[in-house]
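This report is for a reader who has not met the structure before. Please keep the sequence and the 3D view at hand while reading.

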Amino acid sequence: HESTHMNTVKKNLRFLVVLLICILAGAEVDIFVPSFPELQKTFDLSPAMVQLTVSVNFLAYCICYLFAGSMGDRFNRRTVMLISLGIFVLGSAACVFAPNYPLLVFGRLLQGIGMAGPAVLGMLLVLDDCEPDKRAGTMGIFNGLVTLSMAFAPVVGSYVNLYAGWRGNFWILFLVSLAALIGGYF
């Protein structure tokens, strides 16, 4: 009886971690878009240089996304997901504390690399626990959450930028990813 309860707790924690990952996957690209004007002023950048922070992130994400599934199959899904989340946490910290533009771009690159693994493997870890007839509904929940996060990220980001500056948005990504990493570890 105790092991059944423990399995249920683990499944629920896994589900919660994947929900956090879905929020991150949807929000990490767009949450700081409202901060573009402040970034331009802070680092004396052209609009194209600010846009590069998005492009580098998205390109790294897309390339790493292609390999995340096979890496998870080869080396263990959970391990690859945790390493990837760790990379994302490091990238977020680099963005939070970036004293200059090159470090900010490097942080965004790490975030793109780091988000690919959890975006692919997180859902698979939960789907492994799902009964086959509930998988489609579970995928719908996760995909809907990613879409909602994408839609609301700029709105949240604009308020955070208003009250906490451009670094505030990266603090949010850092804290949510750290919570997902810790939860995923346990």
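The text below covers the cores, some single residues, the cysteines and a surface patch.

This is a predicted model, in which local features need pLDDT of at least 70 and side-chain atom pairs count only at pLDDT 80 or more, while totals for chains, interfaces and linings use all residues. Residues are numbered from 1 along each chain as its sequence is written, and side-chain values use heavy atoms, with hydrogens and water left out.

**Cores**

In soluble globular proteins, nonpolar side chains tend to be buried together. A nonpolar core here is a set of buried Ala, Val, Leu, Ile, Met, Phe, Trp, Tyr and Cys residues joined through side-chain atoms within 4.5 Å. Buried means under 20% relative accessible area, exposed over 50%, and partly exposed in between (1.4 Å probe, protein chains only). The largest nonpolar core has 31 residues, and those touching the most other members are Phe32, Leu39, Phe43, Leu104, Trp166 and Phe170. At least two residues of this core come from each of α1 (2-27), α2 (36-43), α3 (47-75), α4 (77-96), α5 (101-129) and α7 (166-185). Helices are DSSP runs (H or I, at least four residues), numbered from the N terminus. With six residues, α5 gives the most to this core. Another core lies apart from it and has 10 residues, including Val17, Ile21, Val80 and Val120.

**Two tryptophans**

Contact means heavy atoms within 4.5 Å. Once neighbours within four places in sequence are left aside, Trp166 is in contact with Ser35, Glu38, Leu39, Thr42, Phe43, Cys95, Ala98, Leu104 and Asn161. Trp171 lies in helix α7 and is partly exposed, at a relative accessible area of 36%. Not counting residues up to four places away in sequence, Trp171 touches Val96 and Phe97. Between the C-alpha atoms of Trp171 and Glu38, which are 133 residues apart along the chain, the separation is 16 Å.

**Positive phi in two loops**

Neither of the residues in this table is a glycine.

| Residue | Phi | Loop | Relative accessible area |
|---|---|---|---|
| Asp44 | near 55° | between α2 and α3 | 70%, exposed |
| Asn76 | about 100° | between α3 and α4 | 42%, partly exposed |

**Cysteines**

The structure holds zero disulfides, a disulfide being a pair of cysteine sulfur atoms within 2.5 Å. For Cys64, the nearest cysteine sulfur is that of Cys62, 9.7 Å away. Cys64 counts as partly exposed because its relative accessibility is 24%. Cys22 is buried, with a relative accessible area of 2%.

**Helix α6**

Ser149 has its place in helix α6 and is buried, with a relative accessible area of 9%. Leaving out residues up to four places away in sequence, Ser149 touches Cys22, Ile23, Gly26 and Ala27. Leu148 is also in helix α6, which spans residues 135-164, but Leu148 counts as partly exposed, at 47% relative accessibility.

Leu148 also belongs to a nonpolar surface patch of about 790 Å², made together with Phe152, Val155, Val156, Tyr159, Leu162 and Tyr163. Such patches are made of residues with over 30% relative accessible area and no salt bridge, with nonpolar side chains (Val, Leu, Ile, Met, Phe, Trp, Tyr) joined within 5 Å and like charges within 9 Å. A salt bridge is a side-chain nitrogen of Lys or Arg within 4 Å of a carboxyl oxygen of Asp or Glu. Accessible areas come from the Shrake-Rupley method with a 1.4 Å probe, and for residues only the protein chains shown count as cover.
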